[in-house]
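Hello! Here are a few friendly notes to read alongside the picture. Take them one at a time, and find each piece in the viewer before moving on.

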Amino acid sequence: YTICAGQTLVNFKDFSYNGTVTSWTWSATNGATITTPNGSVTNVYFPNAGLSVVTLSAQNSFGIGSISRTVTVKSATPVTTNFIESFEGSGTPTDWSVDNVSGGVTWNQTSNAGSDGSFSFLMDGSVSTSLAEDVLYMPIMDFASNPGAILTFDYAYRRKTTSWNDVFKVQLSNDCGGSWKDVYAPSAAVMASGSGGVGTTNFIPVASEWKNQDRKSTRLNS
């Protein structure tokens, strides 16, 4: 389980068996508090970043049994005004990370081209293995006080062949990475159109080949 600090994880449920439960006791660590306890179902509020352990003890005529679940609570940086993230420094920016899920080719900084500067992050999909997955994570940010913000990003892409179906997804999470939803997931043909087109030569985008997208969140230029 993953959640942002200051949020409530709803509906912890008891699934005890082998007799009628006569009482339930819920507890949580790391400053987490039990809210709206209702016997076999409860909510837990997590104010502090770190690991919180939620424990349920259920009792019946046979005795008491307990079970625990660990919840990862992450802190988020509040964003109330325009905010810009840059790839112009050396290597992966502060609090960004790369997850090379499948091994092999992954995201790396390059100085060959940049949309708003000299650097960008590149993944060479032309030599990546089929079904490989790679993730570039940006820092966790809190937009609760900035609900009308817009996420802005630029990308450039060349499709190796017309049968090459790279997948590019921009995703956002409302629970600090517990779950994700697509906010932009174009097809390879859409990505290539108006950008690098189709071709097998090395692709170094010029200014006109960078495509800009706006999505609901805050401003990010890359």
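The points below go through two sheets and then a disulfide.

1. A word before we start: what you are looking at is a predicted model. Please keep that in mind while reading the points that follow.

2. Let's begin with the sheet of four strands. Its order is 1-7-6-3, and the sheet is open. The pairing here is mixed. Strand 1 (2–4) and strand 3 (23–28) are the edge strands, so look for each of them pairing on one side only. On average, neighbouring strands in this sheet are turned by 30° against each other, with direction ignored.

3. Now zoom in on two members of that sheet, strand 6 and strand 7. In which sense do they pair, parallel or antiparallel? Strand 6, residues 50–60, and strand 7, residues 63–74, pair in the antiparallel sense, and 11 bridges connect them. If you would like a landmark, find L56, which has I67 of strand 7 standing opposite.

4. The other sheet to find is built from three strands. This sheet is also open, with the order 2-5-4, and its pairing is antiparallel. At its edges are strand 2 (7–13) and strand 4 (33–38), each pairing on one side only. Neighbouring strands of this sheet are turned by 20° against each other on average, again ignoring direction.

5. Within the three-stranded sheet, have a look at how strand 2 meets strand 5. How many bridges join them? There are five, and strand 2 runs antiparallel to strand 5, which covers residues 41–46. Here K13 is a handy marker, since V41 in strand 5 stands opposite K13.

6. Next comes the disulfide. As a reminder, a disulfide is a covalent bond between the sulfur atoms of two cysteines. The structure holds one. It joins C4 to C176, with an S to S distance of 2.0 Å. The partners lie in distant parts of the chain, 172 residues apart. C4 belongs to strand 1, while C176 sits in the loop between strand 15 (170–172) and strand 16 (181–184).

7. Two last details about this pair. Why is the disulfide called right-handed? Because the torsion about the S-S bond of C4 and C176 is about 115°. And are the two cysteines buried or exposed? C4 has a relative accessible area of 11%, so C4 counts as buried, the cut-off being under 20%. C176 is buried by the cut-off too, with a relative accessible area of 6%.

Definitions and conventions:
Residues numbered from 1 in each chain as written. Predicted model: local features only at pLDDT ≥ 70, side-chain atom pairs only at ≥ 80, totals over all residues. Heavy atoms only, no water. Pairing = 2+ DSSP bridges. Axes fitted to C-alpha atoms, helices over the stretch in contact; angles between N-to-C directions. Disulfide = S-S within 2.5 Å. Buried < 20%, exposed > 50% of the residue type's maximum accessible area, 1.4 Å probe, protein only.
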